[in-house]
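Biologist: Can you walk me through this one? I'd like to start with how the chains are put together.
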Amino acid sequence: MTDQSRVRVLSVEVEDGTNTLTKVSGLIRRKGFHVRAISVGPSRVPGRFRMTLAIDAGHAEVDQVRKQLERLVEVISVEDLTDDAVHNRELVVATVAASEVAGLIKRGAKVLGAGPEGTTIEFTGDAGEVGGFINELASHGIVDVVRSGPVVMRRTA
Amino acid sequence: MVLEALEREGVEFIFGYPGGANLPIYQHLPKYKKLRHILVRHEQGAAHMADGYARACGKPGVVFATSGPGALNLVTGLCTAYMDSVPMIAITGQVVSTQLGRDAFQESDVIGATSSVTKHSYLVTKIEQLPRVIHEAFHIATTGRPGPVLIDICKDVQQAIAEPVIPEPIDLPGYQLNGHVHLSDARKAAEALAVAERPVILAGHGVLLSHAENQLLELAEKAAAPVGTTLLGIGAFPVNHPLALHMTGFMGTGWNLKAVQNSDLLMMVGMRVDDRVTAKLAEFAPKVKTFIHIDIDGSEMGKNVRPDIELVADAKQAIEAMLPHVGKLDEGRGKWLSQIDAWREEHPLRYTHSNGHLQPQDVLVDMYKRCRSEAVVVADVGQNQIWAALWWNYDKPGLFINSGGAGTMGFALPAAIGAKFGRPELPVWCVAGEGGFVMTAQELSVAVEHQLDIKIVLLNNFSLGMVRQFQDDFYGGVRSQVALTHMPDFVKLADAYGLPSRRVDSLAEVGPAMDEAERTKGPFLLDFHIDPEANVYPIVPLGKGLNDFWEHPEID
């Protein structure tokens with residue numbers, strides 16, 4: 001089990017370069033950190049990407065994760081959101097038997113499409129809600145399921 | 001275009017080796033008269049030469065290598081420079097950009113292989129990138145906490161013709177030099193230092209890199225605080241000063257370790273506080289109430305020891321910010337300094353002549369007399385390095401060069417060559433064991449070719465001395481693979497390379513041999529056959545705390 005007090009949630013703005021992901025992941029491995037969750041996408045600024053990372057600091061001081069990332073030239077800024085009030089959203093896409101769909105829609109799922117193998121739905125929520133949703137799916141017989149990493153934004157006041 | 005850019009950056013020397021993937025650069029090299037290229041015999045030698053050059057004169061060292069094995073041979077040298085924060089630019093040839101990823105001849109993922117041992121790296125696949133990349137590389141290598149930067153340039157880019165471009169001003173949003181400076185606690189640090197009862201200052205390589213030696217001396221005298229140095233910090237504080245504690249760490253002086261372990265305030269300046277400094281971390285400086293840490297790299301704060309007061313800045317800037325705030329000193333200070341004097345008396349550096357062999361210290365004491373605090377001394381790694389560090393006697397900040405962080409055997413000879421190119425006006429002494437020496441001995445050719453005035457002091461004990469000592473003391477006395485038999489006759493080896501040399505077996509011959517070496521212009525090799533059982537003392541047994549240091553067992 002991960003000791004949650006060792007995990008930092010960071011929003012990292014990086015350069016869009018061929019070596020950026022390697023540099024970030026290489027640093028994490030080298031320093032004995034461990035990625036618990038990751039998502040990457042373009043940021044508002046052209047040429048820059050936003051990475052959302054949940055990283056276990058291993059045996060280091062937890063703040064080392066931020067400090068070490070800041071040393072990389074490819075990293076433009078690091079925001080530590082661990083102890084802040086945030087919107088933390090994850091996405092799950094699953095294909096389930098058509099008979100199950102009505103109940104899941106009631107929980108907030110949206111239908112993406114249907115076919116002979118089943119109906120494909122999506123659901124978003126925080127990590128707990130998405131985890132709970134997937135657990136429920138499991139008891140109904142899932143055909144397939146994929147889950148994203150988190151995207152996190154600080155709550156406005 | 002590469003060479004033009006290097007001229008623009010003020011490069012004087014390139015240490016390099018040509019090959020298939022950097023031929024276009026070499027084709028144009030003879031036209032660039034301001035760039036002096038030193039042809040090495042192995043790329044690792046080039047990296048260490050550039051390293052020694054940079055450490056000696058402060059300018060970034062420049063290295064050329066070809067793709068694949070050429071570039072990979074640089075890895076150890078890059079790591080050595082990276083661990084010790086030495087500015088370096090490595091320019092490697094890469095296969096044609098359209099061949100990347102196809103396992104072309106002599107292709108290797110140089111960026112991937114060197115990412116963890118460089119401060120930054122670039123793969124250049126388009127000519128337009130080149131002026132900006134080279135300009136940025138020099139900026140990154142030489143500013144903040146210095147380090148090596150690698151530029152991997154595809155062969156087609158080297159061949160491309162483009163209008164020379166004056167690089168635009170540097171815009172690196174992810175490289176903010178002053179963004180992390182934190183000096184607001186300078187006053188607090190100065191006050192804590194003044195009121196501490198038993199303060200100790202430790203100085204590392206950062207003090208030398210920022211040329212803060214005078215500021216450190218002023219602070220130490222103002223605060224009447226004793227100063228020790230790390231292995232890489234040697235030269236940051238005059239070792240004969242009444243406040244000097246000399247070298248700290250697990251092979252540091254007894255009086256230094258006593259002071260560190262009994263201090264109530266420890267101020268660590270420009271250092272990483274690594275395991276060689278702390279020994280067993282849980283037992284490091286147990287009586288300290290206030291740790292002050294000064295470093296230019298904020299990630300050093302709390303990486304190994306959690307400071308109570310942290311100043312993130314260049315050492316000179318930080319000490320200057322503290323100086324005006326050192327107020328009235330604690331009344332117990334005189335007592336603390338007398339206690340340290342007593343420890344200095346009690347635990348001096350000593351050695352014996354009990355077995356009739358030539359002792360390494362005999363050689364080094366004689367050598368340092370001749371250095372007169374003015375020569376560059378480059379040490380290799382192992383016992384020779386620690387002896388050279390401990391018997392260092394400079395009365396002013398000086399140049400002691402060695403591979404501290406990486407501990408790279410074979411560093412000394414090429415680094416001494418680089419140092420001589422960097423500081424041609426100074427004598428250069430190269431201290432090495434025979435084990436490390438043969439790892440890069442091929443670079444003797446370079447010393448001979450350029451008739452470099454380097455005196456090589458080989459402390460030849462017919463074994464891997466440090467490993468042998470560790471096996472004797474900490475690994476059950478089992479001597480395993482440490483006897484270096486079938487080594488060359490070093491006098492004949494020197495002759496084969498074309499440099500004069502002399503073998504020395506006894507104390508009486510040391511002086512005359514050194515005289516001959518000093519009289520001889522150009523390189524000279526001295527093969528000192530020293531006591532094969534000579535050990536480094538003091539030493540803290542592996543895994544123990546600094547309190548548990550051992551002194552020379554034959555002296556009580």
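Biologist: Into which domains is chain A divided?
Modeller: This is a predicted model, so keep that in mind. Chain A has domain 1, residues 4–80, and domain 2, residues 86–154.

Biologist: What separation do you get between the centres of domain 1 and domain 2 of chain A?
Modeller: It is 27 Å, taken over C-alpha atoms.

Biologist: How many residues of each domain of chain A are in contact with the other?
Modeller: Domain 1 gives 7 residues and domain 2 gives 5. On the side of domain 1 that touches domain 2, strands E1 (7–15), E2 (34–42) and E3 (48–56) of chain A each give two or more residues. E2(A) has the largest share, with 3 residues.

Biologist: And by class, what is on that side of domain 1 of chain A?
Modeller: There are 4 nonpolar and 3 polar residues, and no charged ones.

Biologist: Now the two chains. How many residues does each of chain A and chain B put into the contact?
Modeller: Chain A puts in 17 residues and chain B puts in 14. In chain A, helix H1 (20–30), helix H2 (64–71) and strand E4 (75–80) each supply at least two residues of the side that touches chain B.

Biologist: What is that side of chain A by class?
Modeller: It has 8 charged, 5 polar and 4 nonpolar residues.

Biologist: Switching to cores. Which residues touch the most other members of the largest nonpolar core?
Modeller: Val63(B) and Cys430(B) do, in a core of 203 residues. Helix H3 (residues 43–57) of chain B gives the most to this core, 8 residues. Apart from it lies another core of 10 residues, including Val92(A) and Leu137(A).

Biologist: Which residues is Cys430(B) in contact with, leaving aside its neighbours within four places in sequence?
Modeller: Among them are Val378(B), Ala412(B), Leu413(B), Ile454(B) and Val457(B).

Biologist: Cys430(B) is in strand E15, right? How many residues of E15(B) are buried?
Modeller: E15 (residues 428–433) of chain B has 6 of its 6 residues buried. Both faces are covered. Val428(B), Cys430(B) and Ala432(B) are on one side, with Trp429(B), Val431(B) and Gly433(B) on the other.

Biologist: Which strand pairs with E15(B) over 4 bridges?
Modeller: E13 (residues 376–379) of chain B, in the parallel sense. There, Val377(B) stands opposite Trp429(B).

Biologist: And which one pairs over 6 bridges?
Modeller: E16 (residues 454–460) of chain B, also parallel to E15(B). Val428(B) stands opposite Ile454(B) in that pairing.

Technical notes
Residues are numbered from 1 along each chain as its sequence is written. Chains are lettered from A and ligands numbered from 1 in the order in which they are written. This is a predicted model: local features need pLDDT of at least 70, side-chain atom pairs count only at pLDDT 80 or more; totals for chains, interfaces and linings use all residues. Two residues are in contact if their C-beta atoms, placed from the backbone, lie within 7 Å. Ala, Val, Leu, Ile, Met, Phe, Trp, Tyr, Cys and Pro count as nonpolar, Asp, Glu, Lys and Arg as charged, and the others, Gly among them, as polar. A nonpolar core is a set of buried Ala, Val, Leu, Ile, Met, Phe, Trp, Tyr and Cys residues joined through C-beta atoms within 7 Å. A residue is buried if 20 or more other C-beta atoms lie within 10 Å of its own, exposed if 12 or fewer, and partly exposed in between; C-beta atoms are placed from the backbone. Domain bounds come from an automatic or database domain assignment. Two strands pair if DSSP finds at least two bridges between them.
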